[in-house]
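Ready for a few short exercises? Have the sequence and the 3D view at hand, and try each task before reading its solution.

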Amino acid sequence: MSARLEVADIFRRHGEAYRQAHDGHLGRVERRTMSAIELCRTAELGGHVEGCRSCGAIRVAYNSCRNRHCPKCQGQACRDWLAAREAELLPVPYFHVVFTLPAEVAAIAFQNKAAVYAILFRTAAETLRTIAADRRHLGAEIGLIAVLHSWGQALTYHPHIHCIVPGGGVSPDGSRWVSCRPGFFLPVRVLSRLFRRRFLEELRAAFDAHSLKFFGDIAGLTEPAAFTHLLARARRLDWVVYAKPPFGGPGQVLAYLGRYTHRVAIANSRLISMENDRVGFRWKDYRQGGRTKVMTLDAHEFIRRFLLHTLPDGFHRIRHYGFLANGHRAARLDQCRRLLTKPQQDDREPDAESAAPAATHRCPCCGGRMITLVVWRCGQAPPGPFWCDTS
């Protein structure tokens, strides 16, 4: 085991036994995710050997798996994504709005991830844009970035959408920028009710189109009467929509996006121990004011909870809407800046982590520049003299 415990260590020790115990229930995505994390940054995926020009130090660097569920592979992807988003920030307050599914509907979402997640994205975005376009509230077209998360701090299944929204929008005739009230974006109670209605309407349409499947404890929902009864119960619930206070500035927006956009179910930094087939990790109990606690799970239960949050192949968990939609983002942002009558400012210091050279290009001994000496591909044997990793 490495000095610092990783999800990969848990998979390597307990993954094969878990596969055997759940052979008939593991899907292709789950199996591929486990395999990728187990092999990430090992000789089996290939790599290269670097040498320092100054002191002659040698270091082996193994390739990453690049699986989007891997805790070790999201850092560079996040930095690249944030660098692209930095130029798109507007000089206005930004708000964070969260749309959450109730437990009754979450059970359906888990068995129909692609279909229900798509409905969740669509209805959350439509809700924000519809209420914002209403003259009683903002009366403008807004833009937003939406990010899907499916986990809580204890790795339980908890699907929700995080939306980062500029505090204002373009008037219907496109002639001016409409700012929201200071410190207030849109009424959450109005958002909640419209979100609930639109989501349940689309879920009903998906059921009528035979696009939903039901298994296990909810197999009875295949009956139209049972499904209608569930929708009636869900309609009586208060659906949670939460709006946080605005960010302090564009720098805070970027920092916040970096914590959310490429996050996986659990970071390696939260893992504490793996002893006697038990895994311990830190979690925050928000029912007690965010108090940090330690949870210990059976290793198989930990793996099961981790795999709850795998996404279907090709599913996009970050989406853009309104004037931030991909098809016309550059032109619409130029329009917003003209309406704001402020030149785009970029006087922030570059992020130290993203501005620094990648660690694989600096010598760990003297700080000199490393050069590539040998490269080997996945499935090839690494060169013998450099087998030991000296990093």
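**Exercise 1.** Which residue in β11 stands opposite V279? Then work out how the two strands are connected.

*Solution.* This is a predicted model, so treat each step as a reading of that prediction. Start at V279: its opposite number in β11 is L297. Next, look at the strands themselves: β10 covers residues 278-285 and β11 covers residues 291-298, and 8 bridges hold them in an antiparallel pair. Finally, follow the chain between them: β10 and β11 make a hairpin with 5 residues in between, and G289 in that turn shows a positive phi of about 70 degrees.

**Exercise 2.** Find the order of the strands in the open sheet, and say which stand at the edges.

*Solution.* Begin with the other pairing: β9 and β10 are antiparallel, with 4 bridges. Putting the pairs together gives an open sheet of 3 strands, ordered β9-β10-β11. β9 (271-275) and β11 each have a single partner strand, so they are the edges, each with one side lacking a neighbour in the sheet. From one strand to the next, the twist averages 25 degrees.

Now add the helices. Helix α1 (residues 7-21) packs on the sheet, touching β9 and β10, at about 20 degrees to the direction of β9. Helix α9 (residues 299-307) lies across β9, β10 and β11 and runs at about 115 degrees to β11.

**Exercise 3.** How many disulfides does the whole structure hold?

*Solution.* The search finds 0 disulfides. Check C65: its nearest cysteine sulfur, from C73, is 3.7 Å away, while a disulfide needs the sulfur atoms within 2.5 Å. As for accessibility, C65 is buried because its relative accessible area is 19%, under the 20% cut-off.

Key:
Residues numbered from 1 in each chain as written. Predicted model: local features only at pLDDT ≥ 70, side-chain atom pairs only at ≥ 80, totals over all residues. Heavy atoms only, no water. Buried < 20%, exposed > 50% of the residue type's maximum accessible area, 1.4 Å probe, protein only. Pairing = 2+ DSSP bridges. Axes fitted to C-alpha atoms, helices over the stretch in contact; angles between N-to-C directions. Contact = heavy atoms within 4.5 Å.
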